[in-house]
Amino acid sequence: MRVVLGVAGGIAAYKAVALLRLLREAGHDVRVVPTAAALRFVGAPTWAALSGEPVTGDLFDDVENVTHVEVGRTADLVVVAPATADLLARAAAGRADDLLTATLLMATCPVVMAPAMHTQMWQHPATVANVATLRARGVHVLDPDDGRLTGTDSGPGRLPEPEAIMAAALRLAGPQDLVGRRVVISAGGTQEPLDPVRFLGNRSSGRQGVALARAAHARGADVLLVAANMSVPPPPGVEVRTVTTAAELHDAMLEAATDADIVVMAAAVADFRPAQVASTKIKKTGSHAPTVELVQNPDILAALASNRPSPAQLVIGFAAETGDDNASILDHARAKAGRKGADLLVVNPVDDGRGFATPDNDITILDPTGQVLATATGTKDHVAHTVWDLVATMGDNLDDNPA
Ligand code: CTP
């Protein structure tokens with residue numbers, strides 16, 4: 001997507017640097033258009049280096065390319081962060097006295113503004129009226145956060161966090177092919193307690209499940225993330241339920257699945273748990289090493305697939321696989337696809353340290369017969385969108401879902 005990042009002259013301009021990085025990491029082309037005042041806070045070389053594009057806020061630079069028209073006309077999304085009281089006033093008045101306001105007049109794509117200013121400015125009738133005017137024209141003006149402001153003040157007026165601005169912007173401009181869908185996603189890895197301080201766990205960070213949740217939210221879905229011991233924060237805009245053990249995850253997923261259109265098991269579930277959980281810390285007793293007896297956990301994915309509230313509910317599993325002497329990664333995955341009863345199995349290799357706690361992934365999506373429906377390599381966000389692209393093509397089936 002071609003994104004214009006407008007930056008107005010407030011101290012929160014430094015946070016727009018983080019927003020620029022997030023947009024670039026998600027694969028978007030970003031043209032930064034700062035106001036003259038913004039350039040007094042963060043200089044043009046910073047924006048140019050991080051965006052890889054020329055930076056000017058002046059109408060009289062680059063005139064031969066008709067920049068004041070072209071930047072807005074070619075944008076798929078305009079995000080203004082921070083939007084100061086002055087910028088909101090100039091935009092509401094329809095002025096075009098710098099490149100950013102001219103771009104706002106030219107743009108026909110979605111426009112998101114993230115205000116940041118002192119509380120008194122935000123609550124002043126002039127700003128209230130300007131925000132109302134912009135919203136009535138279809139501009140998506142976010143509410144500022146309530147929190148610490150410049151100096152010792154605090155109150156409403158703080159710039160929302162870059163992740164939250166990004167989530168709101170992408171939901172506005174992304175393909176809205178999951179609108180009206182309730183999507184439940186498990187992420188992370190379960191922990192099975194041995195005693196009050198120890199557990200059996202696994203290396204899943206939750207990154208892929210979080211990327212699936214973020215992408216589903218951007219595409220308009222109503223998302224519940226069932227989070228098991230994740231080492232990354234959940235994305236903004238999604239509902240989160242936290243669990244620890246496989247038994248808790250089982251109960252949370254089966255309950256949440258009752259009104260879901262799509263259920264995704266991206267969590268790494270412990271297949272076994274200790275038969276006994278010691279109520280006090282297990283101590284060393286001489287040289288004798290204790291033996292831990294294990295019992296099997298339920299297969300949550302199989303339970304979800306065989307207890308669907310509606311035949312139209314889509315159930316998606318993941319399979320982190322390694323190859324061995326007897327079978328390749330794909331052979332193991334094909335056997336699993338048949339066994340689990342899920343509609344789609346997303347296979348990713350985890351040999352040689354691949355897949356876990358890394359930003360990238362490499363996936364193959366199988367149907368229950370083991371046929372390859374799609375493949376993708378790249379960031380976990382890119383891979384997540386490949387899953388939803390495929391799901392979107394299966395939309396007719398989902399439309400029969402009464403959930
Ligand atoms: N899964 C589950 N419940 C379990 C184990 C796994 O729901 N008790 C789900 C995972 O969330 C994933 C899929 O099943 O979506 C495959 O997980 P994986 O660990 O690869 O498969 P297992 O069933 O454990 O098979 P195996 O250990 O033989 O590879």
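A polar contact is a pair of N or O atoms within 3.5 Å. The model used in these exercises is predicted.

**Exercise 1. Find the polar contacts of the ligand.**
Which side chain offers an N or O atom 2.7 Å from an oxygen atom of the ligand?

*Solution.*
Step 1. Take the side chain: K336 places an N or O atom 2.7 Å from an oxygen atom of the ligand. The cut-off is 3.5 Å, so this pair counts as a polar contact.
Step 2. Turn to the backbone. A polar backbone atom of L301 lies 2.7 Å from a ligand oxygen. For I300, a polar backbone atom is 3.0 Å from a ligand nitrogen.
Step 3. Check the cover. The ligand alone exposes 570 Å², and the protein buries 77% of that.

**Exercise 2. Describe the shell around the ligand.**
Which element gives the largest share of the shell?

*Solution.*
Step 1. Count the residues: 15 surround the ligand, and M265, A267, L301, K336 and K340 are the closest.
Step 2. List the elements that give two or more residues: helix 12 (300-306), strand 16 (314-321) and helix 13 (329-340).
Step 3. Pick out the largest share. Strand 16 supplies it, with four residues.
Step 4. Sort by character: nine are nonpolar, one is polar and five are charged.

**Exercise 3. Place T190.**
Is T190 buried or exposed?

*Solution.*
Step 1. Locate T190: it sits in the loop between strand 8 (182-188) and strand 9 (192-193).
Step 2. Read the accessibility. T190 is buried because its relative accessibility is 0%, and buried means under 20%.
Step 3. Look at the side chain. One of its polar atoms is 2.9 Å from the backbone nitrogen of A270.
Step 4. Add contacts beyond four places in sequence; among them are L200, N229, T244 and V269.

Notes: Residues are numbered from 1 along each chain as its sequence is written. This is a predicted model: local features need pLDDT of at least 70, side-chain atom pairs count only at pLDDT 80 or more; totals for chains, interfaces and linings use all residues. Side-chain values use heavy atoms; hydrogens and water are left out. A polar contact is a pair of N or O atoms within 3.5 Å; within protein, one must be able to donate a hydrogen and the other to accept it, and residues adjacent in sequence count only if both atoms are side-chain atoms. Accessible areas come from the Shrake-Rupley method with a 1.4 Å probe; for residues, only the protein chains shown count as cover. Ala, Val, Leu, Ile, Met, Phe, Trp, Tyr, Cys and Pro count as nonpolar, Asp, Glu, Lys and Arg as charged, and the others, Gly among them, as polar. Buried means under 20% relative accessible area, exposed over 50%, partly exposed in between (1.4 Å probe, protein chains only). Contact means heavy atoms within 4.5 Å.
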